[in-house]
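Thanks for making time. Let me put the model up, and then we go through it strand by strand.

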Amino acid sequence: MQEFEITTEANALRDGQAGPVDVPGKRLALVRLEGKFYALENACPHRGGPLSVGYLDGCRLHCPLHGWGFDVTNGACDVRPDQPVATYPVEVRDGRVWVSFGEK
Ligand code: FES
């Protein structure tokens, strides 16, 4: 069974916005897009740029350092298909965003 950890209040992000959230031992880029939330690894696989302060273009989150784009739904990279970022399942319960890092 997947265990979820709380990250933030759902209203902390506007639609079309990305932001950083911290859970123990990890920083994520959390994205709110068309009413859904997506959680990605924060560090860009190119040179570690903080994706949480990148910019959104549709469903692509672009790294603020050199512009690589990542599909927020699956982590696929548009520049280097061999360099995706990890994505994590997200649920919203009672106005809070929960992210799963797998089974415990
Ligand atoms: S560090 Fe992200 S594109 Fe270079």
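How many bridges pair strand β2 with β3, and in which sense? The answer is seven, in the antiparallel sense. Strand β2 covers residues 17-23. One pair to look at is V21, which stands opposite L28 in β3. The two strands form a hairpin, with two residues between them. Look at G25 in that turn: its phi is positive, about 80°. Before I go on, a reminder that this is a predicted model.

Now the overall picture. The protein has zero helices and 10 strands. So from the N terminus on, the elements read β-β-β-β-β-β-β-β-β-β. Along the principal axes, the C-alpha atoms fill a box of roughly 35 × 30 × 20 Å. What about the radius of gyration? The protein has 13 Å. A compact globule of 104 residues would have a value near 13 Å, so the two agree. Buried residues make up 26% of the 104 residues. Then contacts. Take those with a separation of 6 or more: 39% of them are between residues 24 or more positions apart.

Back to the strands. β3 spans residues 26-33, and β4 spans residues 36-41. Six bridges join them, and they run antiparallel. In that pairing, R32 has F37 in β4 as its bridge partner. This is a hairpin too, with two residues between the strands. Here E34 takes the positive phi, near 50°.

β4 also pairs with β8. That is two bridges, and the strands run antiparallel. The example is A39, which stands opposite Y88 in β8.

Next, the interior. Which residues have the most contacts inside the largest nonpolar core? They are A29, L40, L51 and L61, in a core of 20 residues. Three elements give two or more residues to this core: β3, β4 and β10, the last being residues 96-103. The largest share comes from β3, with four residues.

Stay with L40 for a moment. Leave out residues up to four places away in sequence. L40 then touches L28, A29, L51, L61, F70, V72, G75, V85, A86 and T87. L28 in that list is the residue we met opposite V21. And A29, L51 and L61 are on the list of residues with the most contacts inside the core, alongside L40.

On to the open sheets. I will take two of them.

One has three strands in the order β5-β6-β7, with antiparallel pairing. Which strands are at the edges? They are β5, residues 55-57, and β7, residues 69-71; each pairs on one side only. Neighbouring strands here are turned by 30° against each other on average, direction ignored. Between β5 and β6 there are three bridges, and these strands run antiparallel. Strand β6 is residues 60-62. For a single pair, take D57: its bridge partner in β6 is R60.

The other also has three strands, in the order β1-β10-β9, and its pairing is antiparallel. Its edge strands are β1, residues 2-9, and β9, each pairing on one side only. The twist averages 35° from one strand to the next. β1 and β10 pair over six bridges, in the antiparallel sense. Within that pairing, the bridge partner of F4 in β10 is S100.

A general point while you have a strand on screen. In a regular strand, side chains alternate between the two faces of the sheet.

Last stop, P89. Where is it placed? P89 is in the loop between β8, residues 87-88, and β9, residues 90-93. Is P89 buried or partly exposed? It has 13 other C-beta atoms within 10 Å, so P89 counts as partly exposed. Buried would take 20 or more.

Now its contacts. Not counting residues up to four places away in sequence, P89 touches Q2 and S100. Q2 and P89 are 87 residues apart along the chain. Their C-alpha atoms are separated by 9.4 Å. And S100 we have just seen, as the bridge partner of F4.

That is my tour. Over to you for questions.

Methods:
Residues numbered from 1 in each chain as written. Predicted model: local features only at pLDDT ≥ 70, side-chain atom pairs only at ≥ 80, totals over all residues. Pairing = 2+ DSSP bridges. Axes fitted to C-alpha atoms, helices over the stretch in contact; angles between N-to-C directions. Buried ≥ 20, exposed ≤ 12 C-beta atoms within 10 Å, placed from the backbone. Contact = placed C-beta atoms within 7 Å. Rg over C-alpha atoms; globule rule 2.2 N^0.38 Å. Core = buried A, V, L, I, M, F, W, Y, C linked by C-beta atoms within 7 Å.
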